[in-house]
Amino acid sequence: MRKSYSNQLRLDSVPIEQVALNLESRDRIVPILRALQFLYSDRRLVDEILQWIAADVNSDSRTDTGRTGMEYWHICVLAAVRLGCNFTFDQLQDLAEIHRKLRGIMGVGDCDDRPFKWRTIRNNIRLLRPETIARINQAIVSAGHTFDPTAIEKVRADSFVMETNIHYPTESSLLYDGLRKIIPQCVKLAEAHGVNGWRQYAHLLKKIKQLNRDINRIATKKGPRYKKRLQPLYRELLQKAAILTQRARDLCLVTGQRLPESADLFGPNTLQAFIVRIERVADTTRRRIIHGEAVANSDKLFSIFEPHTQLYKRGKAGQPMQFGRQVLIFEDAAGFVVRAVLMKRNEGDKQVAVRETKSLQNDFQNGVKRLSFDRGFHSLDNQRELAELVDHLCLPRPGVKQSAVQQTDDEFRSAQQNHSGVESMIGALQSGNAMKRCRDRSEIGFERYLQLGILGRNLHTLGRMLIARENQNAAAAHSRRKAA
């Protein structure tokens, strides 16, 4: 049984609209709570947001029977604060139980001793779809634009890599990761159906682990002809992987389980998915280590558990290689992230610029007048098509002569001077909103994590805007980031 929020005010609590926040505190939770307080005061807007949350949380269940679940407003507040302040679920549980201002914004009284277990918080936030969080973001941006209607006219965009939570991938470690997952699953499946043949599973795991250690030891120390010395160990590991994956396939057939398919490669972490992923890694390992081929990154897997991970070599200082996914963001003149897109695995900057700009213009009724990118988005087609979508396009061309011609336009020069501020936004997202490395699992979890980080940043921006209107000198209203 669930409800949007409690309509009955307890004697130990004050109305959410009247919760007094310490505006002289520079902690980032203060602007976020102020923004949530503002959203709650607009009943039409908050009811619409909570209806979206209810559609996700109770998509296949009833709301009028069963145990009492978390209120939708509590889910909204805790989801916003989680990455808005870069909290873990354990920290979120602690604050939900002892932080008076946070509990006040949640509508929880001082003497209300209801528990907020971290698993309950996590499981409820995981029910939110990325599309729903993106809609909430759009509602927040629209609310912020009522105070600064011209902010959408100037937009700057850039991309960055948000890393997945994986270890450094090597062929041996990936094969070991996959085999140590399918062997216990096969043992349980065989025992449940009375199938023999997996009695020595502990010995198999120990042998595979030792092979992985031997390979890592040689690869780390290197030495003369170390690649030749690696090949016998890799051949033995590949042989065991081939035998075990075939036995796992046979077990699926005997027990009536669905056989592995190629579509399982990027699906949930099931037995079938692990079998397909091990076979993919074994194939690329044999081609690269044994036969000496140069394997394209598109053929490789960089994680058994996060198969959507890609390798990026963007030439960034101190980060020659990044394992994750590329994200494109659009920031307006007020500091709101008006659009955040998780690029497809095979897409780059040049492939998404026009498509996402069209979507941005559709969302804001062609309100964007000036748009700036960096040189990495340049192509002749992008120059032509983007110029048709916005009045003033700042997309630097390569070459000194072409760049000098563009610099004669005052609007272009102004946009280019302000464009570097989007790098500051990316830094704020990575350091303040935990978007340097995704802590959630799976591709949909990665996209949800992205939208939650944007939600926290937009609420922070809206909160500072509201505090500045109330008290320009308040410490919570100040920011060192310049507007576009």
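1. Two residues are said here to be in contact when they have heavy atoms within 4.5 Å of each other. The structure discussed in this note is a predicted model, and the points below should be read with that in mind.

2. As an overview for someone new to this structure, the protein has 17 helices and 6 strands, and its C-alpha atoms fill a box of roughly 70 × 70 × 40 Å when taken along the principal axes. Of its 484 residues, 51% count as buried, while the protein exposes about 23,900 Å², of which carbon and sulfur atoms supply 48%.

3. On the matter of how distant parts of the sequence meet, 68% of the contacts between residues at least 6 apart in sequence join residues that are at least 24 apart. As for charge, the protein has 77 positive and 54 negative charges, and the mean positions of these two groups are 8 Å apart.

4. Glu356 deserves a closer look. This residue is placed in helix α12, which covers residues 349–363, and with a relative accessible area of 5% Glu356 is buried, because buried means under 20%. Once its neighbours within four places in sequence are left aside, Glu356 is in contact with Leu328, Phe330, Arg339 and Val341. Arg44, by comparison, lies 312 residues from Glu356 along the chain, and the C-alpha atoms of the two are separated by 29 Å.

5. Helix α13, which spans residues 380–389, has Asn382, Gln383 and Leu386 as its buried residues. Seen down the axis of α13, these buried residues fall within an arc of 100°, so they line one face of the helix. An α-helix has 3.6 residues a turn, so residues three or four places apart point the same way. On the other side of α13, Leu380 and Glu388 are exposed.

6. Two loop residues call for attention in their backbone angles, given that most residues other than glycine have a negative phi. Asn366, which is not a glycine, has a positive phi of about 55°, and its place is in the loop between α12 and β5, the latter covering 370–372.

7. The second of these residues is Ser442, which is likewise not a glycine and has a positive phi near 75°. Ser442 sits in the loop between α16, at 421–432, and α17, at 443–470. With a relative accessibility of 34%, Ser442 counts as partly exposed, because that term applies between the 20% limit for buried and the 50% limit for exposed.

Technical notes
Residues are numbered from 1 along each chain as its sequence is written. This is a predicted model: local features need pLDDT of at least 70, side-chain atom pairs count only at pLDDT 80 or more; totals for chains, interfaces and linings use all residues. Side-chain values use heavy atoms; hydrogens and water are left out. Buried means under 20% relative accessible area, exposed over 50%, partly exposed in between (1.4 Å probe, protein chains only). Helices (H or I, at least four residues) and strands (E, at least two) are DSSP runs, numbered from the N terminus. The arc is that of the directions from the helix axis to the C-beta atoms. Accessible areas come from the Shrake-Rupley method with a 1.4 Å probe; for residues, only the protein chains shown count as cover. Lys and Arg count as positive and Asp and Glu as negative; His and the chain ends are not counted. The place of a charge is taken as NZ of Lys, CZ of Arg, CG of Asp or CD of Glu.
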